[in-house]
Amino acid sequence: MHALLIAPFSDYEFMRRALASIVALSLGAAPIGVFLMLRRMSLIGDAMAHAILPGAAIGFLIAGLSLFALAGGGLIAGFVIALGAGAIARLTQLKEDASLAAFFLISLALGVTIVSMRGTNVDLLHFLFGSVLAVDNPTLLLIVAIASISLVILAMIWRPLVLECVDPGFLRSVSRAGGPAHIAFLALVVMNLVGGFLALGTLLAVGIMMLPAVTARFWARDISSMLAIACGSAVLSGYAGLLLSYHANLPSGPAVILVAGALYLLSVIVGPVGGLIWLRPPRRHLEA
Amino acid sequence: MLTRRLMTAALIAFTAVPALAQDKPAEKIKAVATFSILGDLVKNVGGDRVEVSTLVGPNGDAHVYSPTPADAQTISKAKIVFVNGLGLEGWMTRLVSAAGSKAVTVTATTGIKPLKMEDEAKPGHMITDPHAWQSVANARIYVANIRDGLIKADPAGKSVYEANAKDYLAKLTALEADVKAAIQKIPVERRRIITTHDAFGYFGSAYGMKFISPEGVSTESEASAKDVAKIIDQIRKEKIPAVFMENISDPRLMEQIARETGAKIGGTLYSDALSKADGPAATYIDMMRNNIRQFGAALIG
């Protein structure tokens, strides 16, 4: 039992670092995923993944393989895309998801162009996106800092954020906090994704944000317990996924996400809130 | 309006003509080499008579390279094309025929005894190791093949090519002596390193060094936690003194492994591609000297 569950982490520092970074990422990103899901913005993470590419690429061109430059460039690009898409959605008849789709495609094309202008054909994506097995100190600090900032800001904008999820009309009638809260929230999304990409890779960053969130939907009705369950299932996926990767010799990022995916599918079936097994066949109409 | 346009045209014509005229008398032989190391060898043999373009430039990876239309154009204009052979450029024969080129194709490794290596994609499956240039003795064969190819394509330059090749072969002889001397300085039990890329098979067998590639960590697939744990165990058990990263693989994983095992992180080795002109490995000879310097720095003491 010890060899199965604990030894991989006590024997190898890289496993401890991987676990620590996944726990930090889970605490920061999973709550954000819950809010994204409640606001029907679940696919924004994937779009953002492509959107940050030109920023990170420009950072790479200017300063080379420095975490600070990559993160800075990615953050700026992410903010520009998020705010630009938001502004266009507000000023024209286009919906936010549609303008985001347009923006991320432009951004992706720009990113690929910049990457190839570099002249070498080495896969820059390889550098731009990290691996969970190769987390060094600055990277770990970056993830932990992002998770801490996220939690503090989430606590600060908690009330308007929750209100906007459940009753945006009411929020607008009683307060002007909705706009700033929305912007702060988008900033958190971008921050968590950028940090996650650079440190752990695209798949892991988006997966840990969204899968535990949609899993939690099947276990709780109120937002607070949903957040707790999302964080818990994210941490559990990270731990189990790393063990799976270690024992079954699978690539680590996908292993973590597969565990999270399995938890989701399980919840779809047995989750107490709207799970499939609780579905009752429609009762027959009363007949005379 | 018309006159102004005419004047512009005339102006362009006049400025263009002298430029063309200057190029005329030299009329260099256009040669294409598939990657930067081969290109450097061709440059040294061809000298001023040959204009060499390389398809995969400095720091590029010939294994995963995909040709562009501009490359096809370069090839269609070339009189002679140099390839490494031994399976390095799977894309090359298609590219030459697709470009409609009538160029002579010279395989630089003709006459070299190939080594086998494990296929990165299919473990346990042996394929021909294409990185023959990592042994200086093989580089001498490259040079002879390049010389003969150039003479065939441009018989008028025979004496120039022969003289250039002779000079360069002398430099290679000196280089090989230096490589052997540098390896001799490293204690026998410390002549072992781990590196991400398996390009040093010929170097290892020619000069007696053991290059261990971390299993499962290739440029193509993501490593599993088990792979990394295996490498760490291997380094601890066999007391491998140094870990080297390559200029074309993800360095972060190797840094993590070195941190964890206490093995020294070596400097940058160049194996498949030269560095840019201002880098430490701008030519083949610089590359080999850079590599032995790095081996010495990490393994002695």
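Leaving aside neighbours within four places in sequence, which residues is Ala234(A) in contact with? Keep that in mind while you get your bearings; this is a predicted model.

**Stop 1: chain A as a whole**

Colour chain A by secondary structure. You will find 15 helices and zero strands. Chain A has 288 residues, and 47% of them are buried. Among its contacts with a separation of 6 or more, 71% join residues 24 or more positions apart.

**Stop 2: Ala234(A)**

Now select Ala234(A), which sits in helix 14, residues 223-248 of chain A. Show what surrounds this alanine: 31 other C-beta atoms lie within 10 Å, so Ala234(A) counts as buried. Here is the reply to the opening question: setting aside residues up to four places off in sequence, Ala234(A) is in contact with Ser26(A), Ala30(A), Ile208(A) and Pro212(A). Try a distance label between the C-alpha atoms of Ala234(A) and Ile208(A); they are 6.1 Å apart in space, although 26 residues apart in sequence.

**Stop 3: helix 13 against helix 14**

Ile208(A) and Pro212(A) lead us to the next pair, since both belong to the helix 13 side of a contact with helix 14 of chain A. Two packed helices are described by the angle between their axes and the distance between the axes. For helix 13 and helix 14 of chain A, the angle is about 125° and the axes are 8 Å apart. That angle makes helix 13 of chain A oblique to helix 14 of chain A. Their crossing is right-handed.

To see the contact itself, select these two groups:

- From helix 13 of chain A: Ile208(A), Pro212(A), Ala213(A), Thr215(A) and Ala216(A).
- From helix 14 of chain A: Met226(A), Ile229(A), Ala230(A), Ser233(A), Ala234(A) and Ser237(A).

Colour the selection by residue class and you get eight nonpolar, three polar and no charged residues.

**Stop 4: helix 13 against helix 4**

Stay with helix 13 of chain A (residues 202-216) and add helix 4 of chain A (residues 44-51). Their axes come within 10 Å and cross at roughly 155°. Are these helices roughly parallel or roughly antiparallel? Helix 4 and helix 13 of chain A are roughly antiparallel, because angles over 145 degrees fall in that class. This crossing, too, is listed as right-handed.

On helix 4 of chain A, pick out Gly45(A), Asp46(A) and Ala49(A); on helix 13 of chain A, pick out Thr202(A), Val206(A), Met209(A) and Met210(A). Sorted by class, this contact has four nonpolar residues, two polar and one charged.

**Stop 5: over to chain B**

Hide chain A and show chain B, which has 10 helices and 10 strands. Of its 301 residues, 44% are buried. For contacts in chain B with a separation of 6 or more, 62% link residues 24 or more positions apart.

**Stop 6: Ala258(B)**

Next, select Ala258(B) in helix 9, residues 251-261 of chain B. With 20 other C-beta atoms within 10 Å, Ala258(B) is buried. Not counting residues up to four places away in sequence, Ala258(B) touches Val243(B), Ala263(B) and Ile265(B). Its C-alpha atom is 9.2 Å from that of Ile235(B), 23 residues apart along the chain.

**Last stop: helix 10 of chain B**

Finish at residues 284-299, helix 10 of chain B. From first C-alpha to last, the 16 residues reach 23 Å, close to the expected 22 Å. Buried residues in helix 10 of chain B include Tyr284(B), Met288(B), Asn291(B), Phe295(B) and Leu299(B).

Key. Residues numbered from 1 in each chain as written. Chains lettered and ligands numbered in written order. Predicted model: local features only at pLDDT ≥ 70, side-chain atom pairs only at ≥ 80, totals over all residues. Axes fitted to C-alpha atoms, helices over the stretch in contact; angles between N-to-C directions. Helix = DSSP H or I, 4+ residues; strand = E, 2+ residues; numbered from the N terminus. Parallel < 35°, antiparallel > 145°, perpendicular 65-115°, else oblique. Left-handed = near helix turned anticlockwise from the far one by under 90°. Contact = placed C-beta atoms within 7 Å. Nonpolar A, V, L, I, M, F, W, Y, C, P; charged D, E, K, R; others polar. Buried ≥ 20, exposed ≤ 12 C-beta atoms within 10 Å, placed from the backbone. Expected span 1.5 Å × (residues − 1).
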